[in-house]
Amino acid sequence: MEEVAAKLKPTLARYSKVLCYGNSMGGYAAIRFSKLLGATHVLAIVPQAGIDPSVVTPFDRRYTTHFGKGGGGMIEPGHVAGKIWIVYDPLYSHDSGHAKLLKKAEPDARMIRVPLRGHGVIHLTKGSKSTLNLFDAVFADRYLDVVRMYRKRKRESWVYYYTMATAMVRRRPAEVLRLLKADKRFSVPIANRTQLIVAANARIGRRDEALSAAIAYARMHPTDLKTPLKILDSMLAYKAPEQASAFIDVLDQSGFQHPAFERTRRLVEQGLRRAAVAVRVAPFALAVEWLSALFDVLNSEFAASLL
């Protein structure tokens with residue numbers, strides 16, 4: 001990187017303002033090499049602070065396959081130059097964890113919070129016009145303009161409503177299913193819609209409906225290699241390991257392959273074993289609960305006899 005920076009410096013020296021800009025791991029690089037490149041401004045969208053497993057594993061395990069392969073060292077104050085702007089979703093634990101570490105490394109960083117957008121914040125400013133308007137606001141240090149820009153674009157995006165529905169699944173799954181049918185704002189792409197339908201039905205306990213939706217999607221979209229894995233994750237999260245196992249059988253029959261598929265298969269097998277143990281333990285747990293209730297009654301009667 002030092003060699004690249006040396007070649008760039010004569011060109012960069014012609015400008016009074018130099019912006020380092022990047023998304024995700026590109027956001028990491030924008031901050032990490034800002035001093036090396038002599039940046040006056042840095043705009044980092046959902047950046048990582050690094051992927052040192054001893055630091056980030058408690059809140060982010062997305063990059064475990066890269067651990068120990070070089071690169072990804074943690075950003076330190078000595079790496080940073082210019083006015084730092086960090087844009088992230090505070091409700092997305094992976095990115096908010098990195099944002100907190102970056103705030104410690106650079107206390108003066110401007111933090112732009114974009115709730116209910118997940119890791120896809122970058123899509124809110126896609127297009128040359130939106131991006132250039134964002135750059136102008138950053139150069140002019142117009143913090144409120146940047147906040148308003150993201151707020152407006154967020155509410156115009158289907159991802160905002162999809163992320164909202166995802167957050168609702170745990171507590172209001174029936175309402176999620178109703179909104180998908182009745183509210184046009186929740187007209188999300190079919191892959192995301194299927195994920196919500198599977199998760200909401202599994203959460204309610206309608207596991208066969210969840211399985212039917214998953215199978216229908218896999219058969220209609222055989223080239224989609226990501227969504228089936230997300231569906232399996234939802235089935236496991238909402239205690240439907242038997243349906244997840246049946247879905248894996250369907251994927252096997254179709255020749256489905258993905259680098260993470262075997263790992264997901266093992267998780268499903270673990271879920272089946274835990275479910276089997278729960279079924280065996282349930283009668284004993286019920287008996288203990290009944291005896292405990294009986295003891296409480298007898299204890300109350302004994303206490304009353306002493307009065």
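Is Glu 262 buried, partly exposed or exposed? At 41% relative accessibility, Glu 262 counts as partly exposed, where buried means under 20% relative accessible area, exposed means over 50% and partly exposed lies in between (1.4 Å probe, protein chains only).

The views below come from a predicted model, in which local features need pLDDT of at least 70 and side-chain atom pairs count only at pLDDT 80 or more, while totals for chains, interfaces and linings use all residues. Residues are numbered from 1 along each chain as its sequence is written, and side-chain values use heavy atoms, with hydrogens and water left out.

**View 1. A salt bridge within helix H13 joins Glu 262 and Arg 265.** The closest N and O atoms of this pair are 3.2 Å apart, a salt bridge being a side-chain nitrogen of Lys or Arg within 4 Å of a carboxyl oxygen of Asp or Glu. The two residues are 3 apart in helix H13, about one turn of the helix, and helices (H or I, at least four residues) and strands (E, at least two) are DSSP runs, numbered from the N terminus. Arg 265 is buried, with a relative accessible area of 19%.

**View 2. Further salt bridges involve Arg 153, Arg 185 and a network around Asp 145.** By the rule given above, the count comes to 9 salt bridges. Arg 153, which is partly exposed at 25% relative accessible area, meets Glu 156 with an N to O distance of 3.8 Å. Arg 185 meets Asp 183 at 2.9 Å, N to O, and Asp 183 is buried, with a relative accessible area of 17%. Asp 145 is linked with Arg 142 and Arg 148 in a network of salt bridges; Asp 145 lies in helix H6 (residues 143–155) and is partly exposed, at 29% relative accessible area. From C-alpha to C-alpha, Asp 145 is 8.7 Å from Leu 134, and the two are 11 residues apart in sequence.

**View 3. The largest pocket has a volume of about 2100 Å³.** Among the 44 residues that line this pocket, the closest to its centre are Tyr 92, His 94, Gln 195, Lys 230 and Asp 233. Two or more lining residues come from each of H4, helix H7 (158–168), helix H9 (190–204), helix H11 (227–237) and helix H13 (261–305). Pockets and cavities are found on a 1 Å grid over the protein atoms alone: a cavity is a set of points where a 1.4 Å probe fits but cannot get out, a pocket is an open set with protein on both sides within 12 Å along at least five of seven lines, and lining residues have an atom within 4 Å of a point. Grid points are joined across faces, edges and corners, and a volume is the space filled by probe spheres set on the points.

**View 4. The largest cavity has a volume of about 40 Å³.** By the rule used here, the count comes to 1 cavity of 30 Å³ or more. The largest cavity is lined by Ile 31, Ile 75, Val 80, Ile 84, Ile 86, Leu 102, Ala 105 and Glu 106. Strand E3 (83–88) and helix H4 (93–105) each supply at least two residues of this lining.
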